[in-house]
Amino acid sequence: QIKLLFRACQTLQRIIRKNDQGQNKVFESFVDLLEVKSVPSSVAYLLTETLTDNVDICSKLLEDDVKKMFRLANVEETYEVEGEETYEVEGNTHVKKYYEFYVTLEAAMKVSKSFPDLRKNHQDLLSQIFFDYISEYLREILKHNDGNQRLTNDGYQCLTNNGNQWFANDDYQCLVNNGNQCLTTLIKYKNNDIKLNQLLCVCDMLATCAEGQNTSGVGLCQSIFTLEDLINILANCHVSIERKKPFARLV
């Protein structure tokens, strides 16, 4: 059954490509598809195809739908599902994260520039969701190499790094620089590593939130990275061009 569902998602993805009628049909089952537990990555690809360049569908997305996709993008599972990619960690345990939903969320935001209000609404919503959930879901990739974390257990509390402080904005207090951790991840991990792919997807998502000089998105990016962080990554000869692209977008 899992293989059948996996193939069905792949087939539907091809059928609805540039097919408004097919995309609308899939969207009718949008909420149900988000509940599919057996092949979530395949569902993410299908929903990405459904949302891409379809302004009508993107305008119908609810806040709960967006939050659900964000949570799915950061969920961690430790069992193997047939037909889906798995990644081995210590021992015989397998860990999976469905960061493909970040691409789905990007598709929802990259609507036609002829609809700037809709695009801005999505950018503001995703920026707020990042602020709300970044401590809960992205703590691991936001650790600093010296063992300090950008975010305290209480959330957006003020931290210091060598006596310096970075303030996010009026609503959220300062976070500690994490450029070294990102650089380590970019250099150390192989292409199929979940931590690397999550980091790249998160940074692409952040850049999309800030496109068009969106105030909330720009403030979010500045609260996470300093310009020095980004320049250090872009100037490092050990980081491949492909891995630098999301950080170039952030600059």
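# A walk through the predicted model

Let's start with one side chain: lysine 120 has a relative accessibility of 42%, so it counts as partly exposed. Keep in mind that this is a predicted model. The partner of lysine 120 is aspartate 124, and the two form a salt bridge whose closest N and O atoms are 2.7 Å apart. Aspartate 124 is partly exposed too, because its relative accessibility is 24%. Where do lysine 120 and aspartate 124 sit? Both are in helix α8, which covers residues 116–137, and they are four residues apart, or about one turn of the helix. That spacing suits a pair, because an α-helix has 3.6 residues a turn, so residues three or four places apart point the same way. And side chains of opposite charge can pair when their charged atoms come close.

That is one pair out of a bigger set: the count comes to eleven salt bridges. Another one brings together the side chains of aspartate 204 and arginine 249, again at 2.7 Å from N to O. This pair links distant parts of the chain, since aspartate 204 belongs to helix α10 and arginine 249 to helix α13 (residues 241–250), 45 residues apart. As for how covered they are, aspartate 204 counts as partly exposed because its relative accessibility is 23%, and arginine 249 gets the same label because its value is 31%.

Arginine 249 has a further partner. Its side chain also meets that of glutamate 211 in a salt bridge, 2.7 Å from N to O. Glutamate 211 sits in the loop between α10 and α11 (215–224), while arginine 249 is in helix α13, so this pair ties together parts that are 38 residues apart in sequence. With a relative accessibility of 25%, glutamate 211 counts as partly exposed. Step back a little and you'll find that salt bridges with shared partners join Glu106, Lys110, Arg119, Asp204, Glu211 and Arg249 into one network.

Now for the inside. Which residues touch the most other members of the largest nonpolar core? In this core of 66 residues, they are Phe101, Tyr102, Phe130, Leu206, Phe225, Phe247 and Leu250. Helix α10, spanning residues 194–210, gives the core its largest share, with twelve residues. In soluble globular proteins, nonpolar side chains tend to be buried together.

Stay with α10 for a moment and look at isoleucine 194, which lies in that helix. Isoleucine 194 counts as buried because its relative accessibility is 13%, under the 20% cut-off. Follow the fold from there to tyrosine 99: the two residues are 95 places apart in sequence, yet their C-alpha atoms are 8.2 Å apart in space.

Helix α7 (residues 100–109) is another well-hidden piece, with nine of its ten residues buried. Among those buried residues are Phe101, Tyr102, Leu105 and Met109, along with the charged-type names Glu100 and Glu106. Glutamate 100, in helix α7, has a relative accessible area of 8%, which means it counts as buried. What does glutamate 100 contact, leaving aside its neighbours within four places in sequence? The answer is Ser41, Ala44 and Tyr45. Asparagine 74 is 26 residues from glutamate 100 in sequence, and their C-alpha atoms are 9.7 Å apart.

Back out to the surface, Leu227, Ile231 and Val251 make a nonpolar patch of about 290 Å². Valine 251 sits in the segment after α13, and its relative accessible area of 53% is why it counts as exposed.

Finally, how far can you lean on all this? The protein chain has a mean pLDDT of 76, and 74% of its residues reach 70 or more. Confidence is highest in α13, at a mean of 93, and lowest in strand β2 (residues 87–88), at 42. Over residues 79–95 the pLDDT is below 50, and that stretch has 39 contacts in the model beyond near neighbours in sequence. Residues 144–179 also stay under 50, and the model gives them 84 contacts beyond four places in sequence. Where pLDDT is low, the predicted coordinates should not be read in detail.

Conventions. Residues are numbered from 1 along each chain as its sequence is written. This is a predicted model: local features need pLDDT of at least 70, side-chain atom pairs count only at pLDDT 80 or more; totals for chains, interfaces and linings use all residues. Side-chain values use heavy atoms; hydrogens and water are left out. A nonpolar core is a set of buried Ala, Val, Leu, Ile, Met, Phe, Trp, Tyr and Cys residues joined through side-chain atoms within 4.5 Å. Buried means under 20% relative accessible area, exposed over 50%, partly exposed in between (1.4 Å probe, protein chains only). Helices (H or I, at least four residues) and strands (E, at least two) are DSSP runs, numbered from the N terminus. A salt bridge is a side-chain nitrogen of Lys or Arg within 4 Å of a carboxyl oxygen of Asp or Glu. Patches are made of residues with over 30% relative accessible area and no salt bridge: like charges are joined within 9 Å, nonpolar side chains (Val, Leu, Ile, Met, Phe, Trp, Tyr) within 5 Å. Accessible areas come from the Shrake-Rupley method with a 1.4 Å probe; for residues, only the protein chains shown count as cover. Contact means heavy atoms within 4.5 Å. pLDDT is the predictor's confidence in each residue, from 0 to 100.
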